[in-house]
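Here is a short set of exercises to work through with the structure open beside you. Try each task before reading on to its solution.

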Amino acid sequence: MRLIFLRLGNAELSARGDLAFERLWFGMASIGLQDYGHPISESETDPLIMLENMYALGIRKFDTAANYGCSEELLASLVRQHKDCVVATKIGSEFYPDRVGSLDNAIRELERSLSLLSKIDTVYLHRSTADVLYDESIFKRLEQYMRSGDISRLGASVYGKSQLISAIEHERIDIIQVAGCILDWSLLRLRPSTVDKKIVCRSVFLQGLLFKNRSEKYCLPDSSVFQERMTVITALSDRLGVNSGQLSLWFVMNLLPEVDVVVGSRSLSSVKRNLAVLEREIDISMFDEILEFGDKSYDFMNPRLWVKK
């Protein structure tokens, strides 16, 4: 299968108004896992109040996982009240085809998710390495749930280019979740030339790292490239009066109009402030230096490598 890179370009109003919310997923990891990411110092919102507010804002898609703590229990309350919610969950973070019992554990995760959420739009394989994607046993089991109408789509949550290519080439995978942000958006553009598969961007805020105070220094692989990119991003953020995380969200939503985006936070005020940036009209030419970053992928998208000095 021949792979292509999508052309970057503005979709005019695609990232503003109601159309923006059709492409947004609210990520449940930040409210289901207390130790998730690098949260900013803001008062936390009660999770159930947060979910109701996300629904009131117009978000109908919710991204969760079997191992995101209590996230599915919290989401179940919202889903019972609002039947138009669209749910994606992940299973099999510990699924290894050669490990006895791990397939049954993954299916038990799915059964528990269904017992809470009733119907699930998308089930992602949380661990989408090549050995998992080409293991027939898990797909046979999952397709039983598709035939019964319990789930609608199968997806892959991938890490890195090789996993992404395997998922793109897999005929049973309909939707792919991959990390990307303004620092490194190379993998968000990779597509098969003949097959239409939805790409969903996670880590657009890099688990909160893009909101960190600039006085906080981190050691990173390819640090010279990172510093060069952050200098460009910081200068443009200052010029526009936004922070780097808000700029990242605007960039992905407007420059990659075919990509859905996962956003999340424990703070309602933070979410509203970040989403407000989508109402801004920004001249695309202001991103010329960022567009020159190119399609080479780096390790910036792995927050575990962000070691504080």
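A cavity here is a set of points on a 1 Å grid over the protein atoms alone where a 1.4 Å probe fits but cannot get out. Its volume is the space filled by probe spheres set on those points. Keep in mind that the model is predicted.

**Exercise 1. The cavity**

Find how many cavities of 30 Å³ or more the structure holds, then describe the lining of the largest cavity.

Solution.
- Start with the search: across the whole structure, one cavity of 30 Å³ or more turns up.
- Next comes volume, which for the largest cavity is about 40 Å³.
- Now select the lining: Phe205, Leu249, Val263, Gly264, Ser265, Val271, Asn274 and Leu275.
- Sort these residues by class, and you get five nonpolar, three polar and no charged.
- Finally, ask which element gives the most: helix α11 (residues 268–276) does, with three residues.

**Exercise 2. The barrel**

Work out the order in which the eight strands close into a barrel, and follow the pairing from β3 to β6.

Solution.
- The order is β2-β3-β4-β5-β6-β7-β9-β11, with parallel pairing. Ignoring direction, neighbouring strands of this sheet are turned by 30° against each other on average.
- Begin at strand β3 (residues 61–63), which runs parallel to β4 and is joined to β4 by three bridges. Lys61 has Val86 of β4 as its bridge partner.
- Trace the chain between these two strands: it leaves β3, passes through helix α4 (residues 71–81) and arrives at β4, a β-α-β crossover that is right-handed.
- Step on to strand β5 (residues 120–125), which pairs with β4 in the parallel sense over four bridges. Here Ala88 stands opposite Thr122 of β5.
- From β5, go to strand β6 (residues 151–157): the parallel pairing has five bridges, and Ile120 stands opposite Ile151 in β6.
- Check the cover of β4 (residues 86–91) as well: five of its six residues are buried.

**Exercise 3. Closing the ring at β11**

Identify the strands that pair with β11, and say which way its side chains point.

Solution.
- On one hand, strand β2 (residues 24–27) pairs with β11 in the parallel sense over three bridges. Leu24 has Val261 of β11 as its bridge partner.
- On the other, β9 and β11 pair in the parallel sense over two bridges, and Val200 stands opposite Asp260.
- Within β11 (residues 260–263), Asp260 and Val262 point one way while Val261 and Val263 point the other way; all are buried.
- Link this back to the first exercise: Val263 is also among the residues that line the largest cavity.

**Exercise 4. Two positive phi values**

Locate Ser118 and Ser203, and decide for each whether it is buried or exposed.

Solution.
- A reminder first: most residues other than glycine have a negative phi.
- Ser118 has a positive phi, near 70°. This serine is in the loop between α5 (102–117) and β5.
- The cut-off for exposed is over 50% relative accessible area. Ser118 reaches 56%, so it counts as exposed.
- Ser203 also has a positive phi, of about 65°, and is found in the loop between β9 (198–202) and β10 (218–219).
- Buried means under 20%. Ser203 is at 13% relative accessibility and therefore counts as buried.

Methods
Residues numbered from 1 in each chain as written. Predicted model: local features only at pLDDT ≥ 70, side-chain atom pairs only at ≥ 80, totals over all residues. Heavy atoms only, no water. Buried < 20%, exposed > 50% of the residue type's maximum accessible area, 1.4 Å probe, protein only. Pairing = 2+ DSSP bridges. Right-handed = clockwise from strand over helix to strand, strands pointing away. 1 Å grid on protein atoms, 1.4 Å probe; cavity = no way out; pocket = protein on both sides within 12 Å on 5 of 7 lines; lining within 4 Å. Nonpolar A, V, L, I, M, F, W, Y, C, P; charged D, E, K, R; others polar. Axes fitted to C-alpha atoms, helices over the stretch in contact; angles between N-to-C directions.
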